[in-house]
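Here are a few short exercises on rings and strands. Try each one with the viewer open before you read the solution.

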Amino acid sequence: EPVELILNGSYEGLYFMVESMKIDSKRLDIFEQEDLCEDPELITGGWLVEIDNYDDPAQISIPETGNIKLRVTYKTPEELSEKQENYLIEQFTAMNTAIYSGDLTGKAWAEYIDPNSVARYFIIREIMHDTDGYNGSFYLHKDLGDNEKWHFGPLWDVCYGGSKNDWIMNDHPSYSQVHWIGALFETEAFRTALIEE
């Protein structure tokens, strides 16, 4: 809901009031994985994670590219068994490797990530000119099922980032291209999905 904030008689701007993000039939309607799960079939789905720009105890971390670290904060489940942690590390390592593989078709990363969700996420971030969109507050989720992939979203913490002259990542490259989007943008899978959306 849009909300105009007036604090002590001073107009502070227009904000969006949103519900907190969680797996629920009326919010993110996917399978909810249990904490400390050991079942190899059940640990493949029911994930809600955030690509973060700061360290958190509820987090896995892998090298992304160069000296950039990919921090993945897990929201659901909240406590991981060793099997859950290994699965999450394996998934994000594989996705990261595929994204930076140099495969300009994008088939490698599209094995793990739904291209249309990437395109929808990109379009909304561009319309809102949200420079934070690929740096932090960047959520992904994965449902349970043999053919399920990771999906970008739900959207969170969308904020305006200043004047728009070009794509966000070109207007603010040192901040907005921190995680994945620059490499995804170059692939045929992304561009095809963008046209479809």
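**Exercise 1.** How many residues of β6 are buried?

*Solution.* Keep in mind that we're working on a predicted model. Go along the strand, residues 138–142, and check the cover: five of its five residues are buried, so β6 counts as mostly covered, where buried means under 20% relative accessible area. Next, sort the side chains by direction: F138, L140 and K142 point one way, while Y139 and H141 point the other way. That fits the usual picture, as side chains in a regular strand alternate between the two faces of the sheet.

**Exercise 2.** Find the strands that pair with β6, and say in which sense they do so.

*Solution.* Start with β3 (residues 47–52): β3 and β6 pair in the antiparallel sense over five bridges. Then take β7 (residues 150–152), which pairs with β6 in the antiparallel sense over three bridges. Now look at K142: its bridge partner in β3 is W47, and its bridge partner in β7 is W150.

**Exercise 3.** Count the aromatic pairs, then classify the pair Y121 and F138.

*Solution.* The count comes to eleven aromatic pairs. For Y121 and F138, the ring centres are 5.4 Å apart, within the 6.5 Å cut-off. Their planes sit at 35 degrees, so the pair is tilted. Now place the two rings: Y121 is in helix α3 (residues 115–128) and F138 is in β6, 17 residues apart, so this pair links distant parts of the chain. Both residues are buried. Finally, zoom out: ring pairs link F92, Y121, F138, W150, F152 and W180 into a cluster.

Technical notes. Residues numbered from 1 in each chain as written. Predicted model: local features only at pLDDT ≥ 70, side-chain atom pairs only at ≥ 80, totals over all residues. Heavy atoms only, no water. Phe/Tyr/Trp six-rings, centres within 6.5 Å; stacked < 30°, edge-to-face > 60°. Helix = DSSP H or I, 4+ residues; strand = E, 2+ residues; numbered from the N terminus. Buried < 20%, exposed > 50% of the residue type's maximum accessible area, 1.4 Å probe, protein only. Pairing = 2+ DSSP bridges.
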